[in-house]
Amino acid sequence: MFPKVVLITGCSSGFGLLTTLEMLRRGFLVIATMRNLEKRDRLEKALSKLDSLEKTSNKLPVKTESNLFLDTPHPWCKLFQLDVTNLDSIQLCVETVIEQFKSIDVLINNAGNGLGGFAEDISLEEFRSQFETNFFGLVTLTQQVIHYMRESHQGQIINISSIAGLIGFPAFSAYCASKFAVEGFSECLRYELLPFNIWVSLVEPGTYPTDIYLSNLRLAKKSQNHNSAYYECGQRLLNQTIEEVKNTKAAPQEVANLIGKIAQTKRPRLRYIIGTESIYVSLKKILPSFIFESLVAHFFA
């Protein structure tokens, strides 16, 4: 029996890399994608360390004819270059996967980055850049995949959002806005696709030690200007965030495990919040707004 095909974006590090490994453990054929193939070393090293039982000796049921697929240390994982901000790149990826493997059973939209800075300091160009990757890239790829899922009358779309898609935080207005957009889009999409037996789910992690808070975190140019009204506060919040990430005991593998579980759930829910920060979502629902605002202000004071 041919394995289910999962397409994952942003696999060079973090949740994308760990989810690639987890989906292989669960018997999926994984198309792992990343924008910059020069960053594939971490993934390939991780793949080479999978237990021998997980690295099945069986070859793929079909030979990959396209030279656009790159082999990896695991026979059931193929690597593909994909820039989610480029329509041509997206179309080429989806069409090649369909031509080769006939279906995309699960789409995991994980690619993304973070932009720090107070709203006044963030240029419109920087806002748009944040949305191009975190939102419009996700939307464009999803649109390309939906057609094939609808034709086969089955599929799953798992969008990696964030706790920041449910609660706003100072100094992350662009990032939060992009994730709030993902939340709204995904909820609408779920209702639209349920009649076609396509299930849309959101994974909303709290703070986990991944590159999105470290090497993939970008700062608004103006936020680095000492003349900015927010400079001192911004530097303090940045250091506080980095310190929290370094000291957290949360394991990113928890998120990968959850994604794998959702992919094997027949009727998955819309939202899956994971991480200790989930308590803030509960408090936001039950507390009067002025009290919750005071808590947020105190936390970031």
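Two strands count as paired if DSSP finds at least two bridges between them, and the exercises below apply this to a predicted model.

**Exercise 1. The sheet and its edges**

Determine in which order the strands of the open sheet are arranged, and explain why one side of β3 and of β10 is left without a neighbour.

Solution. Begin with the pairing of strand β8 (residues 198-205) and β10, which run parallel and are joined by four bridges, a count to be set against the requirement of at least two. Within this pair, L202 stands opposite R271 in β10. Extending the pairing across the sheet gives eight strands in the order β3-β4-β2-β1-β5-β7-β8-β10, with mixed pairing. The strands β3 (70-71) and β10 (271-274) stand at the edges and have a single partner strand each, so one side of each lacks a neighbour in the sheet. As a last step, place the helix that crosses this sheet: α4 (residues 124-152) lies across β1 (5-8), β5 (106-109), β7 (155-160) and β8, and runs at about 175° to β5.

**Exercise 2. The buried side of a helix**

Identify which residues of helix α2 (residues 41-48) are buried, and work out how they are placed around the axis and what covers them.

Solution. The buried residues in α2 are L43, A46 and L47. Around the axis they cover an arc of only 100°, and therefore they lie on the same side of α2. The general background is that an α-helix has 3.6 residues a turn, so residues three or four places apart point the same way. The elements that cover the buried residues of α2 include α1 (14-25), β2 (29-34) and β4 (77-81).

**Exercise 3. The nonpolar cores**

Find which members of the largest nonpolar core touch the most other members, and list what I108 is in contact with beyond its sequence neighbours.

Solution. The largest nonpolar core has 59 residues, of which I108, I157, I158 and V203 touch the most other members. When neighbours within four places in sequence are left aside, I108 is in contact with V6, L7, I8, T9, T19, M23, I158, I160 and I259. A second core, separate from this one, has ten residues, including F172, Y175, L237 and L238.

**Exercise 4. The cysteines**

Establish how many disulfides the model contains, and decide whether C176 and C233 are buried or partly exposed.

Solution. The criterion asks for two cysteine sulfur atoms within 2.5 Å. For C176, the nearest cysteine sulfur is that of C233, at 15 Å, and C176 is in no disulfide. C233 is likewise in no disulfide, and the count by this rule is zero. With a relative accessibility of 5%, C176 counts as buried, whereas C233, at 27%, counts as partly exposed.

**Exercise 5. Positive phi in residues other than glycine**

Locate A171 and N197, state the phi of each, and classify their exposure.

Solution. A171 lies in the loop between β7 and α5 (173-193), and although A171 is not a glycine, its phi is positive, at about 75°. Its relative accessible area of 11% makes A171 buried, given the limit of under 20%. N197 is placed in the loop between α5 and β8, and its phi is near 60°, again a positive value in a residue other than glycine. At 33% relative accessibility, N197 counts as partly exposed.

Definitions and conventions. Residues numbered from 1 in each chain as written. Predicted model: local features only at pLDDT ≥ 70, side-chain atom pairs only at ≥ 80, totals over all residues. Heavy atoms only, no water. Buried < 20%, exposed > 50% of the residue type's maximum accessible area, 1.4 Å probe, protein only. Helix = DSSP H or I, 4+ residues; strand = E, 2+ residues; numbered from the N terminus. Arc of directions from axis to C-beta. Contact = heavy atoms within 4.5 Å. Axes fitted to C-alpha atoms, helices over the stretch in contact; angles between N-to-C directions. Core = buried A, V, L, I, M, F, W, Y, C linked by side-chain atoms within 4.5 Å.
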